[in-house]
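Subject: Structure handover

Hi,

Here is the structure I said I would pass on. My notes follow below it.

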Amino acid sequence: MDSVSLSSLSSLTTHQKSSLEKGGYKDLSDLLLSTPSDISRTARIAPLEVTRILEAACRERAAPINKIKDLPLEGEEKFTTGDAELDSMLGGGIRTGMLWEVVGESAAGKTQLALQLSLLVQLPSRLGGVLGSAFYLTVASQLQTTRMEQILNTHPLLSPSLCSFANIQHASVPTIDKLIFVLSKSLPQYISANDQKSSSRPLKLIVIDAIAELFHTSKRTTTQFLVERSRRLSEIGTLLHLLASKHQIAVLVLNEVSDTFDKDTAPLDSGQIGYKDQFRWFGRADSILGEGRKEATLGLVWSNQLNVRIFLSRTGRRRYLEESERPRKIQMSISATSSNNSVGDQQPVLIRRLTVVFSSVCDPASCDYVVTGEGISVIPGSAVLLAVPPAVGTAAPPGSPHVSISPHGDLTQMRDAQVAPLDIGHVVDSTTVDSRYSTPDNEPGDDEWDAFWERNALPECVFEEAGNLTGPS
């Protein structure tokens, strides 16, 4: 609430102001946050007079009532992700005025997407951009300018004549206090000064890479720590929403994941839903087998600050992609360099998984994607809409598919079918991780399926029961 001095209110008489000041009421906030009985007692004013004072103050400071049709449109400005299928999944692209989160484990492609968007926001409207600029905030890492330059020079939509590093500002925010200072002081001042320059592009994208690193601690997690973390997260979320809505900026926050553990919890009363069951709806992805082994960090308080949560997962899958499944950018590269190669000479492509966990502008959906020199590309035809999870304690109908709703809206080309974790064309990536050359398509630590099955091995009794069922009667 803005601090408004009672002496500045023209609706109050001099005697009323003097009486309120003697009672210790100097600001409008002091007056409105007190009960009429307290005001009457401390300022020695009759209860009926206190009611008149409150009505007069509220009437003077009340905001004018506007019709909805007269309000400016917000949230309709958006820019491309550089991939048509990903744009379709997200309701047309990255909308401004919103708080977006991209969460995932290391080497899933979070920073790749952030760098990609920092360049694509600069494109003209005819190419899907908004002729804007970006402000990139890093917590514990450096801005990867070498990788950004590679995307700039290889992505089919980008070129040095359209995008420039001069339109990307960078600052380091290694502490929570530094981040709050930048969001509350430095950025508003920069936006104000930038808007006064006719030659400067408006700020349309803010990136924080990555927020969870601000809350890393080697100390034991206590209730006091969690309460303080929640308070700071709420403060950061409020500042980000203020910047996003006031200046129509898309805010992209990168977040980390933690392992999920199945713990025995106390039974709940009928009709109650535990936090564990609730969190799987908004804190983790579950479109394919094994994807739910990770969940977003920072808990429920931070999740409530977000408009969109996008989950990136490493699946450990490699596939020989059919010609129709290859993104257009990969097709162009293959046709230019390997037109004479046989099918047997092609290398399997590392597949990752992108899931829209929740969003205020699009339906939950999931797709396969690859990371190439040009950035992130969705495999054509791999996107599927996700069904709403059944209520706790309610079993899904036998034989029901994972996707139970028909495609609609912008998702006109989605296949209504479940994507198997070990689908046709899958090969085991047996190459030693340390012996492979690190590229955007092949980053260290991508093979975890063996470890996954070791952690989730079926007990021997399952196989014995299956043998008894299939054996002779």
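What is the handedness of the crossing of α6 and α7? It is right-handed. Keep in mind that this is a predicted model.

**The α6 and α7 pair**

Helix α6 covers residues 110-120, and helix α7 covers residues 145-154. Their axes come within 10 Å. They cross at roughly 55 degrees. Angles from 65 to 115 degrees count as roughly perpendicular and those under 35 as roughly parallel, so α6 is oblique to α7. On the α6 side, the contact is made by Q112, L115, Q116, S118 and L119. On the α7 side, R147, M148, I151 and L152 make it.

**The α3 and α4 pair**

Helix α3 (residues 36-43) and helix α4 (residues 47-61) also cross. Their axes come within 9 Å, at roughly 115 degrees. That makes α3 roughly perpendicular to α4. This crossing is right-handed too. From α3, the contact uses P36, I39 and S40. From α4, it uses P47, V50 and L54.

The loop between α3 and α4 holds R44. R44 has a positive phi of about 55 degrees, yet it is not a glycine. Its relative accessible area is 77%; the cut-off for exposed is over 50%, so R44 is exposed.

**S19 and its partners**

S19 sits in helix α1 (residues 14-22). S19 has a relative accessible area of 11%; buried means under 20%, so S19 is buried. Which residues does S19 contact, leaving aside its neighbours within four places in sequence? They are A43 and I45. S19 and A43 are 24 residues apart along the chain. Their C-alpha atoms are separated by 5.7 Å.

**Helix α8**

Helix α8 runs over residues 176-195, which is 20 residues. The expected span is 1.5 Å times one less than the number of residues, so α8 should span 28 Å. Its end C-alpha atoms are 27 Å apart, which agrees. There is a bend in α8 all the same: about 45 degrees, at V182.

V182 is also one of the buried residues of α8. The others are I176, L179, I180, L183, L187, I191 and N194. What do the buried residues of α8 pack against? They pack against two strands, β4 (133-138) and β6 (203-209), and against α9 (223-247).

**Backbone points to check**

Most residues other than glycine have a negative phi, and most peptide bonds are trans. Besides R44, with its positive phi, two places deserve a look.

- The peptide bond from D209 to A210 is cis, with omega near 0 degrees. A210 is in the loop between β6 and α9.
- Q248 has a positive phi of about 50 degrees although it is not a glycine. Q248 lies in the loop between α9 and β7 (250-255). Is Q248 buried or exposed? Its relative accessible area is 15%, under the 20% cut-off, so Q248 is buried.

**The whole chain**

The chain has 473 residues, and buried residues make up 44% of them. It has 14 helices and 15 strands. Take contacts between residues at least 6 apart in sequence: 72% of these join residues at least 24 apart.

Best wishes

Note on methods: Residues numbered from 1 in each chain as written. Predicted model: local features only at pLDDT ≥ 70, side-chain atom pairs only at ≥ 80, totals over all residues. Heavy atoms only, no water. Helix = DSSP H or I, 4+ residues; strand = E, 2+ residues; numbered from the N terminus. Bend = angle between axes of the 7 residues up to and from the residue. Buried < 20%, exposed > 50% of the residue type's maximum accessible area, 1.4 Å probe, protein only. Contact = heavy atoms within 4.5 Å. Axes fitted to C-alpha atoms, helices over the stretch in contact; angles between N-to-C directions. Parallel < 35°, antiparallel > 145°, perpendicular 65-115°, else oblique. Left-handed = near helix turned anticlockwise from the far one by under 90°.
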